[in-house]
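I'm opening a fresh page for this one. My plan is to pick a residue, see what sits around it, and work outward from there.

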Amino acid sequence: MPNQLLQSVLFACTKHEDQRRKNSNATPYINHPVEVAEYLSRVGGVDDVEILVAAILHDTIEDTNTTAAEIRECFGDSVLGLVLECTDDKSLEKSERKRLQIENASQKSPGAKQIKLADKACNLKSILVDPPKDWTISRQIDYFEWAKKVCDGLTGVNEKLDEEINQILDDGIRTLTDRLNDEQQ
Ligand code: ZN
């Protein structure tokens, strides 16, 4: 039987092939979903293949031309369900999407909560190391403050992921506040 996880990696590689991240090195986009899945496994001890596959696919519907029908056909209904839970409605204003992430976090399934926590963890870590080119330090702090509110609704499923995200958020906000103070001196 074909290996679903490898199939999902190839699928996501193809879908994201022309995309780059917003950091200064414009890293290939596919690095991000692979990082999220690896983080879930290494930090969270997650070995449920459907969750790992959905982590690899979590940005395909939101950010590429991938349809729900394609994911269902290739990976089945439960993977599709998880991916949809991690997909923002791009027809809404960005501020509304951000508000809904906070509002809906606690109603997600346990699998989706873990994927979203890993997604936030990877995004926050990369902002600290190599932020998007046009982001000021205040904007980075705002992002951390917003992410903290989303993550509050996502915790309570996986203790290791919870511990790690709290550490990343606390350290990150402290580091960025220091950077902001240095900048203002
Ligand atoms: Zn993501």
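**Entry 1: Val79**

I started with Val79, which counts as buried because its relative accessibility is 0%, and the cut-off for buried is under 20%. A reminder to myself before going on: this is a predicted model. I found Val79 in helix α6, which covers residues 77-85.

What does Val79 touch, once its neighbours within four places in sequence are left aside? I got Glu50, Val53, Ala54, Leu57 and Ile71. I also looked up Ile51: its C-alpha is 7.2 Å from that of Val79, with the two positions 28 residues apart in sequence.

**Entry 2: α3 against α6**

Next I checked helix α3 (residues 49-57), whose axis is 9 Å from that of α6, with a packing angle of about 50°. The two helices are therefore oblique to each other. I noted the crossing of α3 and α6 as right-handed.

Who makes this contact? From α3 I listed Glu50, Ile51, Val53, Ala54 and Leu57. From α6 I listed Ser78, Val79, Leu82 and Val83.

**Entry 3: α5 against α6**

I then turned to α5, whose axis comes within 7 Å of the α6 axis, the two crossing at roughly 140°. That makes α5 oblique to α6. The crossing of α5 and α6 went down as right-handed.

On the α5 side I wrote down Ala68, Ile71, Arg72 and Phe75. They meet Asp77, Val79 and Leu80 in α6. So Val79 turns up in the α6 list here, and it is also in the α6 list for the contact with α3.

**Entry 4: rings**

Phe75 made me look for aromatic pairs, and a search of the whole structure gave three. One of them joins Phe11 and Phe75 edge-to-face, at 5.5 Å centre to centre and 90° between the planes. Which parts does this pair tie together? Phe11 lies in helix α1 (residues 4-15) and Phe75 in helix α5 (residues 68-75), so the pair links parts that are 64 residues apart in sequence. Are the two rings' residues buried or exposed? I found both Phe11 and Phe75 buried.

I also found a cluster in which ring pairs link Trp135, Tyr143 and Trp146. I looked for charges over rings too, and Lys98 lies over the face of Trp146, 4.4 Å from the ring centre. Another case is Arg21, with its charged end over the ring of Tyr29 at 5.3 Å from the centre.

**Entry 5: α9 against α10**

Now for helix α9 (residues 137-152) and helix α10 (residues 159-184), whose axes come within 9 Å and cross at roughly 160°. That makes α9 roughly antiparallel to α10. I noted the crossing of α9 and α10 as left-handed.

The contact list is long enough that I kept a sample. Among the α9 residues I noted Ile137, Ile141, Phe144, Ala147 and Cys151. The α10 residues they face as a group include Ile165, Leu169, Gly172, Leu176 and Leu180.

I picked Ile141, in helix α9, for a closer look. Its relative accessible area is 11%, so Ile141 is buried. Beyond its neighbours within four places in sequence, Ile141 is in contact with Leu176, Thr177 and Leu180. I also looked up Gly172: its C-alpha is 8.3 Å from that of Ile141, though the two are 31 residues apart along the chain.

Staying in helix α10, I checked Thr175. Thr175 counts as partly exposed because its relative accessibility is 30%. Its C-alpha is 8.4 Å from that of Leu128, and the two residues are 47 apart in sequence.

**Entry 6: an unusual phi**

Last, I looked at backbone angles. Most residues other than glycine have a negative phi. Ala26 goes the other way, with a positive phi near 45°. Where is Ala26? I found Ala26 in the loop between α1 and α2, where α2 spans 31-42. At 28% relative accessibility, Ala26 counts as partly exposed.

Notes: Residues numbered from 1 in each chain as written. Predicted model: local features only at pLDDT ≥ 70, side-chain atom pairs only at ≥ 80, totals over all residues. Heavy atoms only, no water. Phe/Tyr/Trp six-rings, centres within 6.5 Å; stacked < 30°, edge-to-face > 60°. Helix = DSSP H or I, 4+ residues; strand = E, 2+ residues; numbered from the N terminus. Buried < 20%, exposed > 50% of the residue type's maximum accessible area, 1.4 Å probe, protein only. Lys NZ or Arg CZ within 6 Å of the ring centre and 35° of its normal. Contact = heavy atoms within 4.5 Å. Axes fitted to C-alpha atoms, helices over the stretch in contact; angles between N-to-C directions. Parallel < 35°, antiparallel > 145°, perpendicular 65-115°, else oblique. Left-handed = near helix turned anticlockwise from the far one by under 90°.
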